[in-house]
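Student: I have a new model open and would like to talk it through with you. Could we start with one residue and work outwards?

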Amino acid sequence: MTYDQNILRSRFCHALSEMYKSEVPLYGDLIDVVWEADAKAVQNSQNIESDGVINPDDVLPARHRVERHGAIRLGTAHELNTVRRMFAVMGMHPVGYYDLSLAGFPMHATAFRPNTQEALDKNPFRVFTTVLRMELLTGRTRKLAQKALEQRKIFTPRLLVLLDIAESRGFLTPDQCTELISNGLETFRWHSKATVTLEEYEQLKAEHPLVADVVSFPGSHINHLTPRTIDIDLVQQLMSDHGMPVKERIEGPPKRSCPILLRQTSFKALEEIVYFKDPSGLYVKGSHTARFGEVEQRGFALTREGRQLYDRILDRVNAEAAKNGLEGKAYDTLLGEHFREFPDTLSELHDLRLGYFTYQLTPLGHQLANKGVILLEGQLSPIPLQDLLKKQLLSYEAITYEDFLPLSAGGIFNSNLRGVSQSKQLIMSADPDLDGFQRLLGACVADEFHLYAAMQQKSLEICRQKLRLKAIIV
């Protein structure tokens, strides 16, 4: 007996979205704005002149409307390891290592997500998951954080039992799947009662606001749940028009004809009432700022060469902006100017090997394959991919970028934080620690470039078999 991980993942994502909507009503408004923006973008792209409203769900891929990425912050190896086990039951695996010390945060991260094209097409739910780097905290705060985290249990006993069952038997019954969803939600639910005193909270916050967010509560509340749009610039404008407290600029690459990687924006974090215990054990009223509404536009996945070009350009932009004190619109203008260097047509991205692509037979290619026409030269020796493209036997499509950008995440986080870290210099001078992260995780992190390359190669192999070729030279 087996269970469908794709269905379980979809159900959990939907349940999490409904819970978050009840906790952060503005999130529901954001979903409406994204739908409105997509409808307008679809109408504009199809040059439709109509007073009627187009339903973007009738045009966009099925995964688009249900697509979400969540973000959680953890404190210990046990929490990270258990979250890994929980997401594995849903067909989500750790992909990519993100060193957030680059953005001034004492944390590193991975993204739990489906790792095959088939699973991504079913439901691409992903969770950006950070964990504290204790060695980057000052001694006094580290002791406080460790003490507070040791005392909390963010997983229900039943959830742990269900994970043991899933791992030992390899399946869950329908009732157990339902239990897994309800118990899993408890890990990410918002709690208004802190586990630390107000004085301890202030100490943690002074060290770094994100440390206070990780350490001070009995659970790992979801701090944003991000829908996907096809026009983030329009969403940014509509958020402002609707009176939402939108952040000043969109993070990531500039607007392009061929979108690449990831662009993100958000409405600013809510100030939420929190109750802290005083020394006598009574609760006193305070506040905490952490949860916000994010939206993203996903572009094309870049190869290592493409990513290196992207990073080189971005480094020059940031150096020049820092030197001249450029922010906001001035920074965006500089960004756009420098990124003219990055090729912006699909054929250039393909031919210069800056992006990853999937390949498929054209109608002519299918016709030859169906008729059993044998490409004799293909049986004798490998055929270059470019020859197959020139003969219009194959076509290609860019692969969507399914991952994250640490500096963009940092820009979103920073726009929602108040106060400056006491240990910022210690953090910024830190080196990445993939080995340490994987020890906490209890597993290896997949390289996202390998996953994209595997998708590309799999599509080529399917084409090779259909055309009965000896090999295709890329």
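Tutor: Gladly! Keep in mind that this is a predicted model. Our starting point is Tyr 359, which counts as buried at 6% relative accessibility.

Student: Where is Tyr 359 found, and which residues is it in contact with?

Tutor: Tyr 359 is found in strand 11. Leaving aside neighbours within four places in sequence, its contacts include His 350, Leu 385, Ser 395 and Tyr 396. The rest of that list is Gln 456, Ser 459, Leu 460 and Cys 463.

Student: How far apart in space are Tyr 359 and Leu 441?

Tutor: In sequence, the two are separated by 82 residues. In space, taken from C-alpha to C-alpha, the distance between Tyr 359 and Leu 441 is 35 Å.

Student: Is Arg 353 buried, partly exposed or exposed?

Tutor: Arg 353 lies in the loop between helix 14 (346-351) and strand 11 (357-361). Its phi is near 55°, a positive value in a residue other than glycine. Buried requires a relative accessible area under 20% and exposed one over 50%. Arg 353 has 48%, so the class is partly exposed.

Student: And Gln 392, is that residue buried or exposed?

Tutor: You will find Gln 392 in the loop between helix 17 (385-390) and strand 13. Gln 392 also has a positive phi in a residue other than glycine, near 60°. The cut-off for exposed is over 50%. With 54% relative accessibility, Gln 392 is therefore exposed.

Student: How many aromatic pairs does the structure hold, and what kind is the pair of Tyr 98 and Phe 404?

Tutor: The structure holds 17 aromatic pairs. For Tyr 98 and Phe 404, the ring centres are 6.4 Å apart and the planes make an angle of 75°. Planes over 60 degrees apart count as edge-to-face. The pair of Tyr 98 and Phe 404 is therefore edge-to-face.

Student: How many residues apart are Tyr 98 and Phe 404?

Tutor: Tyr 98 sits in strand 2 (residues 93-99), while Phe 404 belongs to the loop between strand 13 (394-398) and helix 18 (406-415). Tyr 98 is buried at 2% relative accessible area, and Phe 404 is buried at 4%. The pair links distant parts of the chain, with a separation of 306 residues.

Student: Which residues do ring pairs link into a cluster?

Tutor: Here each member is a phenylalanine, as the names show. The cluster linked by ring pairs consists of Phe 12, Phe 87, Phe 112, Phe 125 and Phe 188.

Student: What is the distance in space between Leu 100 and Leu 407?

Tutor: Leu 100 is in the loop between strand 2 and strand 3 (107-113), and is buried with a relative accessible area of 0%. Along the sequence, Leu 100 and Leu 407 are 307 residues apart. From C-alpha to C-alpha, they are separated by 7.7 Å.

Student: Thr 130 is in contact with Leu 100. In which strand is Thr 130?

Tutor: Besides Leu 100, the contacts of Thr 130 beyond four places in sequence include Ile 72, Arg 73 and Leu 74. From the side of Leu 100, the contacts include Thr 130, Phe 128 and Pro 406. Thr 130 is buried at 2% relative accessibility, and its place is in strand 4 (residues 126-132).

Student: Is Asp 121 buried, partly exposed or exposed?

Tutor: Asp 121 is placed in helix 5 (residues 117-122). Values between the 20% and 50% limits are classed as partly exposed. Asp 121 has 43% relative accessibility, so the answer is partly exposed.

Student: Now the whole chain: what is its radius of gyration, and how many helices and strands are there?

Tutor: For 474 residues, a compact globule would have a radius of gyration near 23 Å, and the protein chain agrees with this at 24 Å. Its C-alpha atoms fill a box of roughly 85 × 60 × 50 Å along the principal axes. The count of secondary structure elements is 21 helices and 14 strands.

Student: What share of the residues is buried?

Tutor: The accessible surface comes to about 21200 Å², with 52% belonging to carbon and sulfur atoms. Among contacts between residues at least 6 apart in sequence, 76% join residues at least 24 apart. Of the 474 residues, the buried share is 54%.

Terms used: Residues are numbered from 1 along each chain as its sequence is written. This is a predicted model: local features need pLDDT of at least 70, side-chain atom pairs count only at pLDDT 80 or more; totals for chains, interfaces and linings use all residues. Side-chain values use heavy atoms; hydrogens and water are left out. Helices (H or I, at least four residues) and strands (E, at least two) are DSSP runs, numbered from the N terminus. The radius of gyration is taken over C-alpha atoms; the globule rule is 2.2 Å times the number of residues to the power 0.38. Buried means under 20% relative accessible area, exposed over 50%, partly exposed in between (1.4 Å probe, protein chains only). Contact means heavy atoms within 4.5 Å. Accessible areas come from the Shrake-Rupley method with a 1.4 Å probe; for residues, only the protein chains shown count as cover. Rings of Phe, Tyr and Trp (its six-membered ring) pair if their centres lie within 6.5 Å; planes under 30 degrees apart count as stacked, over 60 as edge-to-face and the rest as tilted.
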